[in-house]
Structures are given as structure tokens and as C-alpha cells.
Amino acid sequence: MKLFIDTAYMEEIEEACGWGIVDGVTTNPTHVSKIGRPPRELYADICRAVDGPVSLEVLSLEADGMVAEARELAKIADNAVIKIPIMREGLKAAKRLSAEGIKTNVTVAFSPLQALLAAKCGATYISPFVGRLDAIGHFGMEVVHQIKTIYDNYGFQTEILVAAVRHPAHVLEAALAGADVCTMNFAVMKQLYDHPLTDIGIEQFLKDWEKVPKDGCVVCENRDSGATA
Ligand code: E4P
């Protein structure tokens with residue numbers, strides 16, 4: 001499963017990319033509103049910083065406007081993917097963009113039937129917002145399972161991009177459901193590394209190492225002098 005970071009903060013994107021696990025970025029108007037920079041300039045910087053797709057969202061609510069915006073956003077970089085809201089006009093736009101070879105991320109999705117329509121319109125990605133469903137008492141991940149079944153039944157190529165993730169268990173559930181991508185904020189991405197038993201285990205190994213006689217052992221000498229091979 002690919003991991004995307006869901007943010008427009010350059011510092012977060014650059015740091016997470018340095019960890020070697022980031023496959024792409026998703027942004028949205030809310031993220032961009034926190035940055036205080038002209039969007040086009042910000043988008044160009046993000047696209048340069050990432051070796052992978054970067055989702056940039058249109059604001060128009062009608063198909064012609066979305067297509068016009070999408071064409072402009074797509075010119076920013078080869079890795080730009082255009083985020084289109086899942087509504088009738090959005091899917092009309094997605095179909096036209098797909099015919100033009102512009103990649104789309106159909107977003108703000110909450111039902112498997114919406115996802116079926118997005119796939120029929122050639123969307124590159126479908127983004128179900130699982131955390132927002134959980135927040136109103138639904139089971140967000142159930143929708144992901146249903147989308148997966150529908151896409152497998154008919155061989156749709158649209159990738160399932162699990163979004164609005166709130167905690168590492170969502171990431172785990174997305175992977176178990178067979179999602180293609182999971183996008184998450186910086187805090188959740190950091191949490192993926194954590195396990196208290198890992199910390200305890202490492203601490204114990206270092207403590208035990210102090211008891212090892214060091215004379216004549218190349219590995220020990222290298223380690224103790226901080227030298228690298
Ligand atoms: C995904 O592409 C969206 O930007 C994001 O996951 C929205 O989630 P939120 O509910 O955290 O705003």
C-alpha cells in the first residue's frame with residue numbers, strides 16, 4: 001500500500017520524504033489556507049519536493065470551470081493530480097480530464113456507489129473519507145471494503161485512496177482491506193513507527209552491549225569509535 005502525506009506544510013513534506021516511505025502528497029483548500037502563500041507557487045514547491053503524485057484541488061462547482069482549472073493545475077508539474085469533488089459536475093469533468101490524459105483524484109467520497117460512478121468516469125483515484133464517516137456513527141472502513149469488492153468484481157483500475165485517517169489503526173485497516181493508498185497527516189505518519197516494546201527492546205540491547213568485552217573485535221571498535229564501514 002502506498003503512503004501519502006496529507007498536508008501543505010513544506011517542512012512536514014520534506015521531513016517525511018526524508019524517511020523514505022512517502023509515495024505522494026494530498027492537499028486540499030483547508031491545508032492551503034493555513035500556509036499563507038500563493039497556491040500556484042506553493043503547489044510548484046510541493047511537486048518539486050516529492051517523487052510521486054501530488055493532489056491539487058479545483059474550486060469550481062461546474063464541469064467547464066473544473067476542467068479549465070484542472071488544465072492549469074496540471075501544467076504546474078508532471079506529477080500533479082487534480083482533485084475533483086464527487087458530484088455530477090465533478091464526474092463530468094473527471095471523464096473529460098481522463099480522456100485528455102490528466103490524472104484525477106475524485107474526492108469527498110462517502111459511498112460505494114459514488115465510487116462506482118467515479119471509476120466509470122475513469123478517475124485515477126477515489127478518496128473515501130473514512131474518519132468523517134466514523135465521526136457521524138458510520139463505519140468508514142466498511143465503505144472501503146465495499147469499494148474494493150466492486151472494483152475487483154469489474155476490474156476497475158481506479159485506485160482506492162483511503163483519506164481522512166485519524167489514527168494508525170485506520171492505516172492498518174486500510175492495508176488489510178487492500179486499499180491502494182492511504183493518506184494521513186504528519187502526526188499519524190510518525191505514529192506508524194512507534195511501539196513501546198521496540199523502545200524497551202533497543203534500550204535493553206544497548207544496556208547488554210556494555211557487558212561485551214571490546215578488545216580485538218573490529219565491529220566493536222568501529223561501533224565504539226563511531227566509525228562507519
Ligand atoms: C484527503 O485527500 C483529504 O485532504 C483529507 O484526508 C481530508 O481529511 P480531513 O477530514 O482530515 O480534513
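Here are some numbered notes on the structure above, which is a predicted model.

1. Let's begin with the whole chain. The C-alpha trace of the protein chain spans about 75 × 40 × 30 Å along its principal axes. Its secondary structure comes to twelve helices and eight strands. Of the 229 residues in the protein chain, 43% are buried.

2. Now for the ligand. Where does the ligand sit? You'll find it in the largest pocket. The residues surrounding the ligand are D6, T26, N28, H31, K83, F129, R132, A163, A164, R166 and T183. Sorted by class, this shell has three nonpolar, four polar and four charged residues.

3. Which side chains put a polar atom close to a ligand oxygen? Take D6 to start with: a polar atom of its side chain is 2.8 Å from an oxygen atom of the ligand. For R132, a polar side-chain atom lies 2.7 Å from an oxygen atom of the ligand. R166 has an N or O atom in its side chain that is 2.7 Å from a ligand oxygen atom. As for cover, the ligand taken alone exposes 340 Å², and the protein buries 85% of that.

4. R166 deserves a point of its own. It belongs to the loop between β7 and α9, and it is one of the residues surrounding the ligand. Is R166 buried or partly exposed? It counts as partly exposed, because its relative accessibility is 46%. R166 also has a partner from elsewhere in the sequence: V188 is 22 residues away along the chain, while the two C-alpha atoms are 7.1 Å apart in space.

5. Look at A164 next, in the loop between β7 (159–162) and α9 (168–177). A164 is another member of the ligand's surroundings. With a relative accessibility of 10%, A164 counts as buried, because the cut-off for that is under 20%. Its backbone is worth checking too: phi of A164 is near 55°, a positive value in a residue other than glycine. As background, most residues other than glycine have a negative phi.

6. V108 is another one to check for its backbone. What is the phi of V108? It is positive, about 60°, although V108 is not a glycine. This residue is found in strand β5, which covers residues 104–109. At 30% relative accessibility, V108 counts as partly exposed.

7. Moving on to helix α5 (residues 88–100), you can pick out L91 there. L91 has 8% relative accessibility, so it counts as buried. Try tracing from L91 to E62: they are 29 residues apart along the chain, and their C-alpha atoms are separated by 10.0 Å.

8. A77 is in the loop between α4 (63–76) and β4 (80–85). Why does A77 count as buried? Its relative accessibility is 17%, and buried means under 20%. A77 and G52 are 25 residues apart in sequence, and 11 Å lies between them in space, C-alpha to C-alpha.

9. Last comes H138, in the loop between α7 (130–135) and α8 (140–154). H138 has a relative accessible area of 44%, so it is partly exposed. If you follow the chain from H138 to S111, the two are 27 residues apart in sequence, with 11 Å between them in space, C-alpha to C-alpha.

10. To pull the ligand story together, go back to the loop between β7 and α9. Both A164 and R166 are found there, and both are among the residues surrounding the ligand. A164 counts as buried, whereas R166 counts as partly exposed. When you look at the structure, start with R166, whose side chain has an N or O atom 2.7 Å from an oxygen atom of the ligand, and then turn to A164 with its positive phi.

Key:
Residues numbered from 1 in each chain as written. Predicted model: local features only at pLDDT ≥ 70, side-chain atom pairs only at ≥ 80, totals over all residues. Heavy atoms only, no water. Near = heavy atom within 4 Å. Polar contact = N/O pair within 3.5 Å; in protein donor to acceptor, adjacent residues only side chain to side chain. Areas by Shrake-Rupley, 256 points an atom, 1.4 Å probe, with all protein chains shown as cover. 1 Å grid on protein atoms, 1.4 Å probe; cavity = no way out; pocket = protein on both sides within 12 Å on 5 of 7 lines; lining within 4 Å. Sits in = over half its atoms within 2 Å of the grid points. Nonpolar A, V, L, I, M, F, W, Y, C, P; charged D, E, K, R; others polar. Helix = DSSP H or I, 4+ residues; strand = E, 2+ residues; numbered from the N terminus. Buried < 20%, exposed > 50% of the residue type's maximum accessible area, 1.4 Å probe, protein only.
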